[in-house]
Each structure stands twice: as C-alpha cells, then as structure tokens.
Amino acid sequence: MKILITGATGFVGSRFVARWQGEYTLLTPSHAELPIDNAEAALLYVGTAKPDVVLHLAAISNTWHCEQHPDESRAINVLGAVNMAQAAKAVGAKFIFFSSDQIYNGNEELGGLPETIAVRPENVYGRDKLEAERLIAEVDEAAVLLRATWMYDAELEGMRTHPNFVVNIANALRTQTPLSFATREYRGITNIREVVEILPHCFNIPGGVYNFGAENPLNTYDTALAYARLLQEQTPEAFIKVMPEELILPDTKRFPTHIRNISIDMHKLHAVLPHDVHFSTTMEGLEKFLERDTLI
Ligand SMILES: NC(=O)c1ccc[n+]([C@@H]2O[C@H](COP(=O)([O-])OP(=O)(O)OC[C@H]3O[C@@H](n4cnc5c(N)ncnc54)[C@H](OP(=O)(O)O)[C@@H]3O)[C@@H](O)[C@H]2O)c1
C-alpha cells in the first residue's frame, strides 16, 4: 500500500512515519514540495504519485495562531484540506482527514459527545475544521474525517513535539513550578502511540465523521493530579519531598459560565474496527505511557 502523508514533519506525521516506515510505502513531501494551499500543486503531486491513501495531517494546529490569523487558517485548514481531498479523489485514493474535538467546544451537554450531536464551535480553529469536514464530505463521501483529541508524547530526538500534557506535568514537577488545570473542563487526552497504531485500521472503514481518541470521564485537573501521582510513584527520587498536590493546582475559575466539555464518545469508530483494536481511556493510556517511558 502506498500512503501519501502531508504534514509528515509534524507531531503526528513524524511519529506515523517512524512507526510504519518499511511496512508501507510512505511518500512524505515537505511543505515546499507540496504546498497544500496550492490546488494545482496538490493535483500535480498526487496525480503523479498515485497513492492508495492520502493521510492529510498538514494544518495550522495551533488554535491561538488560527484565532490571530483567520485568513491563513481558512486558506490552509479549510481550502488546503479541500485541495487535498479533490486531488485524492482524482486518483481514487482513500482520503483520511484529521479534524478535531475542538468542534465540540461550544456545546453545553455533558458526558462523552457522539458525532451525531449538533455542534457550534466557538473559535476559528473549530469552525474551520467543521467547515473542512463538510466540504470534504461533499467532494468524497468515502473520506474518513477523524476528530482527534489533544495528543501527547515525550520530547523525542528528531521529532516535533508541541507542549503537551505529559511534558508540561513532568516539567512542573521537575522544576517545582506550580501548574494549574481547569476543574470545569472535560476532554480526552490521548497517547500518540495509540493514534499511530490505530490509524491504518481506518484506511478501509466507511466514509464519515468519527471521534478519534481517548474517552475521559475525569475533569482535566483530576486527570493531571492522577497522572502526577503515578509519575511520582514511578520515579520518587526525582521529586524530592514535594507532593504532587503542591504543584498541580485546581483552577476553578476558568470556564465560569458553563462547563467546557469536549470529551468524546468512541462507540462509532470502535464498532467498525476489529474487535481487539480500540483506544484506551485517558488514564489507561497514561499508565501505558509510563510503563514504557520515563520523562525524568
Ligand atoms: N497535536 C494535537 O494534539 C492535535 C489535536 C487534534 C487535532 N490535531 C490535528 O492533527 C493534524 C496533525 O497535527 P500535528 O500536531 O501533527 O501538527 P503540526 O505538528 O503543527 O504539523 C503540521 C504540519 O503541517 C505542515 N504544513 C503546514 N502548513 C502547510 C502547507 N501550507 N502546506 C504543506 N504543509 C503544511 C507543517 O510543515 P512545516 O512545519 O514545514 O510548515 C507540518 O509538517 C492537524 O490537522 C491538527 O489540526 C492535532
């Protein structure tokens, strides 16, 4: 199988390539080789390469940047994604798009949110991902649109790593710098290794929107404190005598008007994946992460 990956140098892309290089034929054009906001360049590159799958990861992934630069966000996160979907459709390649759980950030319902719920994203990034989903589905109803959660990994040599949940907490404990997490926020936080492992199973599922990541019934503060305790248990000598409670602090003021809930329900994707392929919950994923990685 030949897989063309846009955004192969990014956080997700670099880990996908590291995991699957050698098992699939991977085409990894750079930003300059395949500028996705150029429709002709996209058609030419994909038309020449003729991949079986286009895994579209290129995007502006920083929500704050999108808020400050809405025109750039639209050009890349909406129109660039549509360019790639059209190019994939032209050669009959399966199109896999990374959307986001930020699509749910205007919802007020509680609990894991299913794909069927009416959504009203409140920021540029969320609105653009939603519009991209809609336009891609018009181009190709077989496209798979994955609403990914916040992902994490250690900082690895040669791979891009954004500030993320496990790195932020490890740094707070290591440097004894307090860090606060919202008690009124619920979201899935997902181990990137599961994302990378599960992705190829999505190359032959029916088109449509799927939540894609860890379910998490805990609020973000409780998740952070539970993880910090696990981390301290694993490497107690690194933290001297400071208890995680002294450094991982509850922020009870954030999201004052309503609880911010972007946590996802995973039934739809899990129903189409093989029986033994599924995402762990956030806490299970963090435990697995610690079994294999020590950040300190
Ligand atoms: N990271 C998360 O936790 C998270 C959560 C939910 C959803 N997502 C979504 O998952 C996908 C992958 O995210 P990520 O964290 O891997 O992103 P990332 O680390 O920010 O990487 C983005 C990639 O896109 C490329 N790119 C940007 N603009 C481009 C353009 N005009 N043409 C071609 N390439 C371009 C970048 O290349 P250069 O650096 O060379 O410009 C880079 O390789 C994105 O759609 C993101 O919105 C991410």
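Let me begin with helix H8, residues 220-234, in this predicted model. Its buried residues are Thr220, Tyr221, Thr223, Ala224, Leu225, Tyr227, Ala228 and Leu231. Several of these positions recur at short intervals, and a general point about helices is useful here. An α-helix has 3.6 residues a turn, so residues three or four places apart point the same way. We may also check the length of H8. At 1.5 Å a residue, its 15 residues should span 21 Å, and the end C-alpha atoms are indeed 21 Å apart, so the two values agree.

A second helix allows the same check. Helix H5 covers residues 124-139. Its 16 residues should span 22 Å at 1.5 Å a residue, and the separation of its end C-alpha atoms, 22 Å, agrees with that. The buried residues of H5 are Val124, Tyr125, Gly126, Arg127, Asp128, Lys129, Leu130, Ala132, Glu133 and Ile136. Against what do they pack? Their partners are helix H3 (63-68), H4, S4, S5 and S10. H5 itself lies across S4, S5 and S10, and runs at about 160° to S4.

That brings us to the sheet. In which order do its strands stand? The sheet is open, has 6 strands, and follows the order S2-S1-S3-S4-S5-S10 with parallel pairing. S2 and strand S10 (208-212) are at the edges; each has a single partner strand, so one side of each is left without a neighbour in the sheet. From one strand to the next, the twist averages 25°.

I turn now to strand S1, residues 2-6. Of its 5 residues, 4 are buried, and therefore S1 is largely enclosed by the rest of the structure. S1 is joined to strand S2 (residues 25-27) by 3 bridges, and the two run parallel. Within this pairing, Leu4 has Leu27 of S2 as its bridge partner. Between S1 and S2 the chain passes through helix H1 (residues 11-20), and this β-α-β crossover is right-handed. S1 is also joined to strand S3 (residues 53-56), here by 4 bridges, and again the two run parallel. In that pairing, Thr6 stands opposite His56 in S3.

Further along the sheet, 5 bridges connect strand S4 (residues 94-100) with strand S5 (residues 144-148), which run parallel. Phe97 has Leu145 as its bridge partner in S5. Helix H4 (residues 70-90) lies across S1, S3 and S4, with a direction at about 175° to S3.

Next, the ligand. How many residues surround it? There are 25, and the closest are Gly7, Gly10, Ala58, Ala59 and Phe98. At least two residues of this shell come from each of H1, H4, S4 and strand S6 (150-152). Which of the elements gives the most? That is H1, with 3 residues. H1 is thus met twice in this talk: in the crossover from S1 to S2, and in the shell around the ligand.

Finally, let us consider a single residue, Glu287, which is found in helix H11 (residues 282-292). Is Glu287 buried, exposed or partly exposed? Glu287 has 16 C-beta neighbours inside 10 Å, and therefore counts as partly exposed. The cut-offs make this clear: 20 or more would count as buried, and 12 or fewer as exposed. Glu287 also shows how the fold brings together separate parts of the chain: Leu230 is 57 residues away in sequence, yet the two C-alpha atoms are 7.7 Å apart in space.

Key. Residues are numbered from 1 along each chain as its sequence is written. This is a predicted model: local features need pLDDT of at least 70, side-chain atom pairs count only at pLDDT 80 or more; totals for chains, interfaces and linings use all residues. Two strands pair if DSSP finds at least two bridges between them. A crossover is right-handed if, with the strands pointing away from the viewer, the path from the first strand over the helix to the second runs clockwise. The expected span of a helix is 1.5 Å times one less than its number of residues. Axes are lines fitted to C-alpha atoms, for helices over the stretch in contact, and angles run from 0 to 180 degrees between N-to-C directions. Two residues are in contact if their C-beta atoms, placed from the backbone, lie within 7 Å. A residue is near a molecule or strand if its C-beta atom, placed from the backbone, lies within 6 Å of it.
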